[in-house]
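Here is a short briefing to read alongside the structure. Have the sequence and the 3D view open, and let's walk through a metal site and a pocket together.

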Amino acid sequence: MDNIEWLWGRWLKIMLKGLYVLGPMFFVFWIVKPKWFSEFRIKQPVDKKPLFLKELLLTMLGLSVYLIPLYLMMALQVKFGYTKMYMDPNKYGKFYFYFSFVLFAIVVDTWFYWIHRGMHTIPLLMKFHKTHHKSYNINPLTSYSFHFGEAILNMLSYAFFVLVIPFHPAVLLFFGTMGILYNGYIHLGYDIPEKWRGYFPPLKIMYSARQHAIHHHEYAHNYAVYFRFWDKVMGTEKLEPRAK
Ligand SMILES: [Zn+2]
Ligand SMILES: [Zn+2]
């Protein structure tokens with residue numbers, strides 16, 4: 001297999017996913033800005049200019065890093081026949097097939113919570129994380145706007161999952177889009193599901209756009225990405241912004 005051709009093809013696919021998931025969010029909420037969405041807008045305590053172009057380029061770089069686990073997975077399979085990917089959904093039973101989707105989210109969320117806390121406390125990692133926190137007025141282009149060092153660290157949970165835990169390709173297919181969508185949502189600057197959180201209990205366990213906006217505005221609290229679990233358990237959760 002031609003490695004360059006493979007990498008190029010995968011890179012294009014990742015970029016296209018980023019474009020068709022984050023593009024419409026950015027276009028609707030940050031260019032068109034329909035009035036009926038204004039009630040969902042998360043208030044900016046200080047109005048700072050968004051850094052669209054810089055964020056776009058860094059997000060393209062941040063997304064490109066996910067080529068590493070994909071390449072590793074492919075190379076190990078071709079060279080040594082090593083793979084944790086299985087094609088028959090019944091191989092480990094139906095329960096495991098569905099549970100592996102949840103497991104993927106748990107692995108990514110747990111790693112992100114702890115490495116993110118590390119990036120707020122360990123000097124070397126703090127340097128990496130500064131790039132993401134340059135974005136104060138967050139928008140979908142901020143989603144993967146990371147220093148290269150941080151992008152590598154964030155990606156490790158994906159690498160761990162695809163190299164160690166048995167998974168069906170549907171899990172990767174689902175999170176290839178859903179991961180970008182959820183990251184776009186928490187950086188949207190609008191919290192659309194907020195109104196329905198009280199009526200729809202599953203939304204209550206999910207980490208929200210408002211929580212992540214508080215994280216960017218206050219440079220503290222709310223370190224997770226998908227679930228409220230770790231912030232609740234570790235006492236780092238904050239649901240309301242600091243009073244001025
Ligand atoms: Zn942070
Ligand atoms: Zn962020």
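Why does the arrangement of the four donor atoms around the zinc ion (ligand 2) count as irregular? The angles they subtend run from 91 to 153°, and a tetrahedral label would need all angles between 85 and 135 degrees. Please keep in mind that this is a predicted model.

**The zinc site**
- Four histidine nitrogens serve as the protein donors of the zinc ion (ligand 2): NE2 of His132, of His187, of His212 and of His216.
- These donor atoms lie 2.0 to 2.1 Å from the zinc ion.
- Along the chain, the donors are spaced as H-x54-H-x24-H-x3-H.
- Distant parts of the chain are linked by the pair His132 and His187, which sit 55 residues apart.
- His132 belongs to helix H5 (residues 123–133), while His187 is in the loop between helix H7 (169–186) and helix H8 (201–204).
- Both of these histidines, His132 and His187, are buried.

**The largest pocket**
- The largest pocket holds about 630 Å³ of space.
- Its lining is made up of 23 residues, and those closest to the pocket centre are Arg10, Lys17, Leu70, Leu172 and Gly176.
- By character, the lining residues comprise 17 nonpolar, three polar and three charged ones.

**Who builds the pocket lining**
- At least two lining residues come from each of helix H1 (3–32), helix H3 (67–80), helix H6 (148–164) and H7.
- H7 gives the most to the lining of the largest pocket, contributing seven residues.

Terms used. Residues numbered from 1 in each chain as written. Chains lettered and ligands numbered in written order. Predicted model: local features only at pLDDT ≥ 70, side-chain atom pairs only at ≥ 80, totals over all residues. Heavy atoms only, no water. Donors = N, O, S within 2.8 Å, 3.2 Å for Na, K, Ca; no water. Tetrahedral: all angles 85-135°; square planar, octahedral: opposite > 155°, others 65-115°. Helix = DSSP H or I, 4+ residues; strand = E, 2+ residues; numbered from the N terminus. Buried < 20%, exposed > 50% of the residue type's maximum accessible area, 1.4 Å probe, protein only. 1 Å grid on protein atoms, 1.4 Å probe; cavity = no way out; pocket = protein on both sides within 12 Å on 5 of 7 lines; lining within 4 Å. Points joined across faces, edges and corners; volume = space filled by probe spheres on them. Nonpolar A, V, L, I, M, F, W, Y, C, P; charged D, E, K, R; others polar.
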